[in-house]
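Biologist: Hi, have you got a moment to walk me through this one? I'd like to go from the overall picture down to the pockets and strands.

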Amino acid sequence: MFTITLPDGSAREVPQGATPADVALAIGPGLAKAALAARIDGVLVDLATPFAQDCALALVTARDEADALDLARHDYAHVLAEAVQALFPGTQITFGPSTDDGFYYDFAAQRPFTDEDLPAIEGEMRRIIAANKVLRREVVARETLIAQWQAAGESFKAEWAAELPGDEPLTVYHSGDDWFDMCRGPHLPSTGKLDPAAFKLTRVSGAYWRGDQANAMLSRIYGTGWLNKKQLDAHMTRLEEAAKRDHRKLGAEMDLFHLQAEAHGSVFWHPKGYMIWRALEAYMRRRLDAAGYAEVKTPQIMDARQWEQSGHWGKYRENMFVVPDEIPHVSEEGGEDDAPVLSGKADLMAIKPMNCPAHVLIFRQGITSYRELPIRMAEFGCCHRNEPHGALHGLMRVRQFTQDDAHIFVREDQIVGEVADFCDLLDRVYKDLGFPEYAIKLALRPDKRFGSDAMWDWSEQSLRDAVAATGRNTPEWGWEELPGEGAFYAPKLEFHLTDAVGRTWQVGTMQTDTVLPERLDASYIGEDGEKHRPVMLHRAILGSFERFIAILIEHYAGKLPVWLAPVQAVVATIVSDADAYAREVTARLRAAGIRVESDLRNEKINYKVREHSLAKVPHLLVVGKREADEGTVAIRTLGEERQRVMPLAEAIALLRAEATPPDLR
RNA sequence: GCCGCUUUAGCUCAGUCGGUAGAGCACAUCAUUCGUAAUGAUGGGGUCAGAGGUUCGAAUCCUCUAAGCGGCACCA
């Protein structure tokens, strides 16, 4: 007999061999039906797991949403695999976990799956769910299982089984009597616990076996899975809403920028988009000026040898744009399609992929005293990186981008103070831009790196200490350490914003680098009259203007705060009798520093309201004969239907207040 | 770079069996002077992504190239 303690504190005696399912049934048939899994002493297990000792038991039902969702998604993945093998004999199964919104499964298929295959697979999955097949756990000896997989032609499973670590016995889950997969579990008691209307296969894609480019390309099927149809529908609605705020779509609709094949990965900023950029850059420049940074501008192209010395050539040259330092010879015939003729012998120059070496070169000019440190050198640096083509994505991942970059040259004893000041500055900026919520993480040394272990120990600890000194190394700040995620020359603090729809974006960074000052021989004269190496702090708050503006557009769904909006107000007439007054209003607003346009077109006011609303203009000032006579304007604010009629002077004051950047209020 | 899909007017898209290209919006012109999310009429506009092939004939079938989209890998 075992004593089972339930969450309400009550205890039950159960015989040897009893399971959580038995306890559920003893409590009531309703609970037995609702139970999906169990937690024994906090560990999630199958309902059919026999008790091994006295323990605390909590039955998991759909009310325990996090557990229930994860179980369901995991089961959907198995049902997907079973369905695919039923429809496509000869397809090997590999691996299929739950995800944040569903599940996927990777297959080694005869041919890659396409979207057209999905409806049939969904249908087969529903048949498996309707059949309510019992999911039964079995412990199998490793060698037996490997032999079984090999016999079944499942080479990926066999490889995986052979490499699973430790001596733990391997478990398989049977679906009915005719299918099984290797899995740690736990699982629902049967496929019938899944809601056949609560999942949807969403897309297919390629994926490398074990996530390694050197391995085989598998065919992955993604699905989204929920506990019921209502949740699924809500999820699909969320996806539609997210698609509406996609910066690529809004960028076109609002006429902010465009991309085209001839310069793929580089942005054509249109006047309105560039106005956002200018407002953001001007704001950042004021913040940096106030924080004691000195702005510089450095060369776009430098001799490749400079990049060899910095170490970037060895590690990243395949992603650098390289140009020969020679004047190309053009053939005499001079046809229009003649390519320039290059000798192939010229020295190479590279377009800068980053600003750091150039900043060190400025630092190295002349002799620096310890008294001058810290030196905070900022640059809105335009960089080029030849990214893998499949990586490009709107403004989020581009080949030409401008960083809000800065390097702070410090003595070791100044690091904590500088990092703390940086955290405060970044906090201020994120709040000003509408992101009060963000997380801080520490990315630790990667496998491939420069510098000694002692150096890494020291620089990782310096960041840890610095954040601890600000009191931000706590769970509330999302603090965690990420092994292997650091840059090759330095560990980095990562700052992750949370946007309006809950997505996170890594934007800010702070790195303590001792490698580059060494490689490029940067030094200062210390109190002792000797040369010392400064530490170089690489830091950015926005990351890149391109990507940050994309995040702003999506965060605000295009409805930017007035101070960032490219057009802050439009003065629209109802009929032509107010044209003169509208011109006057526009001129007065413009004189007050408002980015204003007028719309005197011979169009109905309904049409104008619609058009400027879709263009996300924050304020529409409608003027007719009445307003002209009274010297007022009727303000309609984006997202509202009511209008406020007020004297022009009052309207100007209101708009000026809203149009003032947060640091100037 | 890898897997899959896509590419037709400025934009969003239709185009059946291979028979010579169509809509809405936008734009232009004209009419309309209207009070808060689309006024009406008329008109101009396309080497069907590019190159090659099959065919009497290609937007349509095949091959290659490029870009875009969804993932994977990468992201100093």
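Biologist: Great, let's start with the surface: how much area does chain A expose, and what share of it do carbon and sulfur atoms supply?

Modeller: Chain A exposes about 31800 Å², and 51% of that comes from carbon and sulfur atoms. Keep in mind that this is a predicted model.

Biologist: And what percentage of the residues count as buried?

Modeller: Of the 665 residues in chain A, 49% count as buried. The C-alpha trace spans about 85 × 75 × 70 Å along its principal axes.

Biologist: How many helices and strands are there in chain A?

Modeller: Chain A has 20 helices and 32 strands. As for contacts between residues at least 6 apart in sequence, 68% of them join residues at least 24 apart.

Biologist: Okay, on to pockets. What volume does the largest pocket have?

Modeller: The volume of the largest pocket is about 1100 Å³. It has 33 lining residues, and those closest to its centre are R385, E387, F401, Q403 and K492.

Biologist: Which element supplies the largest share of that lining?

Modeller: That's β27, with 6 residues. Elements that each supply at least two lining residues include α11 (312–316), β20 (400–410) and β24, along with β27.

Biologist: What's the split of the lining by class?

Modeller: For the largest pocket, the lining has 16 nonpolar, 10 polar and 7 charged residues.

Biologist: How about the second largest pocket, what is its volume?

Modeller: The second largest pocket comes in at about 590 Å³. It is lined by 26 residues, and H74, M182, C183, R184 and G185 lie nearest its centre. Two or more lining residues come from each of α3 (65–87), β6 (92–95), α6 (155–163), β9 (170–175) and β10 (179–182).

Biologist: Which of those gives the most?

Modeller: α3 does, with 4 residues in the lining of the second largest pocket. By class, that lining has 13 nonpolar, 7 polar and 6 charged residues.

Biologist: Let's go back to β24, since it helps line the largest pocket. How many of its residues are buried?

Modeller: Strand β24 covers residues 504–513, and 8 of its 10 residues are buried.

Biologist: Which way does β23 run against β24, parallel or antiparallel?

Modeller: Antiparallel: 7 bridges join β23 (residues 492–498) to β24. Within that pairing, F495 stands opposite G508 in β24.

Biologist: What sits between the two strands of that hairpin?

Modeller: There are 5 residues between β23 and β24, and G502 in the hairpin takes a positive phi near 85°.

Biologist: And how many bridges join β24 to β27?

Modeller: 5 bridges, with β24 and β27 (residues 535–544) running antiparallel. T512 has L537 in β27 as its bridge partner. So β24 pairs with β23 as well as with β27.

Biologist: New topic: which strand does β16 pair with?

Modeller: β16 (residues 301–303) is joined to β18 (residues 348–351) by 3 bridges, and the two run antiparallel. M302 stands opposite A350 in β18.

Biologist: What about β17, over how many bridges does it pair with β18?

Modeller: Over 3 bridges: β17 (residues 322–324) and β18 pair in the antiparallel sense. The bridge partner of V322 in β18 is A350, and A350 is also the residue opposite M302.

Note on methods:
Residues are numbered from 1 along each chain as its sequence is written. Chains are lettered from A and ligands numbered from 1 in the order in which they are written. This is a predicted model: local features need pLDDT of at least 70, side-chain atom pairs count only at pLDDT 80 or more; totals for chains, interfaces and linings use all residues. Side-chain values use heavy atoms; hydrogens and water are left out. Buried means under 20% relative accessible area, exposed over 50%, partly exposed in between (1.4 Å probe, protein chains only). Two strands pair if DSSP finds at least two bridges between them. On a 1 Å grid over the protein atoms alone, a cavity is a set of points where a 1.4 Å probe fits but cannot get out, and a pocket is an open set with protein on both sides within 12 Å along at least five of seven lines; lining residues have an atom within 4 Å of a point. Grid points are joined across faces, edges and corners, and a volume is the space filled by probe spheres set on the points. Ala, Val, Leu, Ile, Met, Phe, Trp, Tyr, Cys and Pro count as nonpolar, Asp, Glu, Lys and Arg as charged, and the others, Gly among them, as polar. Contact means heavy atoms within 4.5 Å. Accessible areas come from the Shrake-Rupley method with a 1.4 Å probe; for residues, only the protein chains shown count as cover.
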